[in-house]
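Me: Could you take a close look at one part of this structure with me? I'm in my first year, so please explain the terms as you go.

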Amino acid sequence: MKIIQAFKNGAEDWHYLQEKVQLQNPLVFVFGDRYLLEDERMILNIRKEFNYENIIFGSSSGEILDGTMKDISISVTAIELEKSTFVIERENISNFNMQPDLLGKALLDKLPKEKLKHLFVLSDGLLNAKKLIEGLESNLNNKIGITGGLCGDDARFEKTLSSFNENPKTGEIVLIGLYGDSLEVSYASAGGWFPFGPVRKITKSRDNIIFEIDNKPALDVYKNHLAHRAIGLPSASLSFPLNITREGEKLPLVRTILGLDELQKALILAGDAPENAKVQLLMASVDAIIDGAQLATELAMKNREKKAEIAILVSCIGRKLVMNKRAGEESQYIKETLGGPTIMTGFYSYGQLAPFDKNGKTNLHNQTMAVTLISE
């Protein structure tokens, strides 16, 4: 595996982290600020600098590049696989009546299945990714892992952009299939948030909107639990997500609160929140969030046969906002935990797709660090 990384801020020149060499048919990830990816001149510059066939674009809420966190920049990671192969497919949600499960199934059907080892997803950040996962898993061998992330738009939540080869656009979902017996892929996710206040029940909800908790207006319950902290709403809600445990499941999922509906007194989440699920508020310290990132890395490294050559990290905008000026520390700790020559890339997102560990089932997470380790 050969890897070249570079980044640039606005009109600056490209800064390379390794010697600039020409690669053979690499898989190229381009993560960057949404405004920069909307700039036609920037896209032309990227295509000129990285004149390759397989370029994947994704807008972010911050870029992770080899142990550092960057803002309002473009980061590029080009990966040449020497012993294995990849296939990339894409679809747009507008062509599937806005039903992500149908899109996921269609994407999977387009991929060859022989020697398929892993799936990595880069998705529009504002669709129902839980349904997307259901579609992808509908006809998938349960030994095939799925990881990835939802694109970001800093803390604006206006629109996100993604694409394969075409100029970045809204509604795009890109699916990468990794193939070959030589590949070793491992993954995990963890958060570092801790619950506070009583455990309650969601008594009325629809998809990602909670209307009632314990038969009371959800927004009122939320504000009462936050007490004086509710003064900072709605922006403060990113720092106080929810722990949601579905019926029949032991492990809870973290859900970011994207918005507050004052008229219906409802909470709008970044993922599903089914009725009868248990719900509890969460909070975190910077140190706890960093510990969560380290835990995800340790779980992904567990029982690996080979040293990871590249780590793809998908963290959450909510984590970045809580860490503030210390946001770069979680990727630094991951770099130290990985040790050696492992190269890191990734972005801050609106959602993370990963199991809790390699033996688990893929879920949509918020407020976690999802780590995917790959080697040949």
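Reply: Let's start with a single serine, then look at the sheet around it and a pair of cysteines.

Before that, some ground rules: this is a predicted model, so local features need pLDDT of at least 70 and side-chain atom pairs count only at pLDDT 80 or more, while totals for chains, interfaces and linings use all residues. Residues are numbered from 1 along each chain as its sequence is written, and side-chain values use heavy atoms, with hydrogens and water left out.

Our serine is Ser-59, and you'll find it in strand E4, residues 54-60. (Helices are DSSP runs of H or I with at least four residues, strands are runs of E with at least two, and both are numbered from the N terminus.) Ser-59 is buried, with a relative accessible area of 0%. Buried means under 20% relative accessible area, exposed means over 50%, and partly exposed is in between, using a 1.4 Å probe and protein chains only.

What does Ser-59 touch in there? Setting aside neighbours within four places in sequence, its contacts are Gly-32, Arg-34, Leu-37, Cys-151, Gly-152, Thr-160, Leu-161 and Phe-347. Contact here means heavy atoms within 4.5 Å. With Gly-152 there's a bit of extra detail: a polar atom of the Ser-59 side chain sits 2.7 Å from the backbone oxygen of Gly-152.

Now zoom out to the sheet. It's an open one with six strands and mixed pairing, in the order E2-E1-E7-E3-E4-E11. Its edge strands are E2 (15-16) and E11 (162-164), each pairing on one side only. Two strands pair if DSSP finds at least two bridges between them. E1 (residues 2-8), for instance, pairs with E2 in the antiparallel sense over two bridges, and Ala-6 has Tyr-16 in E2 as its bridge partner. Helix H2 (residues 40-49) lies across E1, E2, E3 (27-33), E4 and E7 (74-80), and runs at about 140° to E4. For that angle, axes are lines fitted to C-alpha atoms, for helices over the stretch in contact, and angles run from 0 to 180 degrees between N-to-C directions.

Finally, back to Cys-151, one of the contacts of Ser-59. Cys-151 is buried too, at a relative accessible area of 0%. Why no disulfide for Cys-151? Its sulfur is 13 Å from the closest cysteine sulfur, in Cys-316, so they're too far apart for a bond; a disulfide is a pair of cysteine sulfur atoms within 2.5 Å. Cys-316 is buried as well, with a relative accessible area of 1%. A search of the whole structure turns up zero disulfides.

Definitions and conventions. A polar contact is a pair of N or O atoms within 3.5 Å; within protein, one must be able to donate a hydrogen and the other to accept it, and residues adjacent in sequence count only if both atoms are side-chain atoms.
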